[in-house]
Amino acid sequence: ENPQLSSLDKTDLLFSEGSQSSYKPEPLEKVLKVNGVSIEFNHRLFQLSERAAMDSSYVQELDGILKEARTIESHLKQKKENLKQRFTVIASTL
């Protein structure tokens, strides 16, 4: 047994020796590089989807705030109109 083999390499060798498939273990460095790129890509994709979800929630929150602001604006305009009418009535009676 080669003492320089890691436990992962030993597991790979045992798996390949015990099976009748044409599996050939690839060097760990090669697998990690390929999987590292894949993992990095998936991580970036996940980050983008999280940002998109946050952006969407921000848009919904801003829409709610704008709707509330328009309601308040409409209410204030109505109060302003009512005050104008009351002042007109008061001014005409003086």
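**A tour starting from Lys77**

Select Lys77 to begin: with a relative accessibility of 54%, this residue counts as exposed, because the cut-off for that class is over 50%. Keep in mind throughout that what is on screen is a predicted model.

Next, add Glu73 to the selection and show both side chains. Lys77 and Glu73 form a salt bridge, in which the closest N and O atoms lie 3.8 Å apart, and the count for the model comes to one such bridge. Why can these two residues pair along the helix? They are four residues apart in helix 2, which spans residues 28-93, so about one helical turn separates them. Glu73, at 42% relative accessibility, is classed as partly exposed, whereas Lys77 is exposed.

Now move along helix 2 to Phe87, which is placed in that helix. Is Phe87 buried or exposed? Its relative accessible area is 57%, so Phe87 counts as exposed. Extend the selection to Leu83, Ile90 and Leu94, and you will have, together with Phe87, a nonpolar surface patch of about 490 Å².

Zoom out to the whole chain, where the protein has two helices and zero strands. Of its 94 residues, 1% are buried, and the accessible surface comes to about 9000 Å², with 60% of that area belonging to carbon and sulfur atoms.

Finally, colour the chain by confidence. The mean pLDDT of the protein is 77, and 61% of the residues reach 70 or more. Select residues 1-19, where the pLDDT is below 50 and where the model has ten contacts beyond near neighbours in sequence. Where pLDDT is low, the predicted coordinates should not be read in detail.

Terms used:
Residues are numbered from 1 along each chain as its sequence is written. This is a predicted model: local features need pLDDT of at least 70, side-chain atom pairs count only at pLDDT 80 or more; totals for chains, interfaces and linings use all residues. Side-chain values use heavy atoms; hydrogens and water are left out. pLDDT is the predictor's confidence in each residue, from 0 to 100. Contact means heavy atoms within 4.5 Å. A salt bridge is a side-chain nitrogen of Lys or Arg within 4 Å of a carboxyl oxygen of Asp or Glu. Buried means under 20% relative accessible area, exposed over 50%, partly exposed in between (1.4 Å probe, protein chains only). Patches are made of residues with over 30% relative accessible area and no salt bridge: like charges are joined within 9 Å, nonpolar side chains (Val, Leu, Ile, Met, Phe, Trp, Tyr) within 5 Å. Accessible areas come from the Shrake-Rupley method with a 1.4 Å probe; for residues, only the protein chains shown count as cover.
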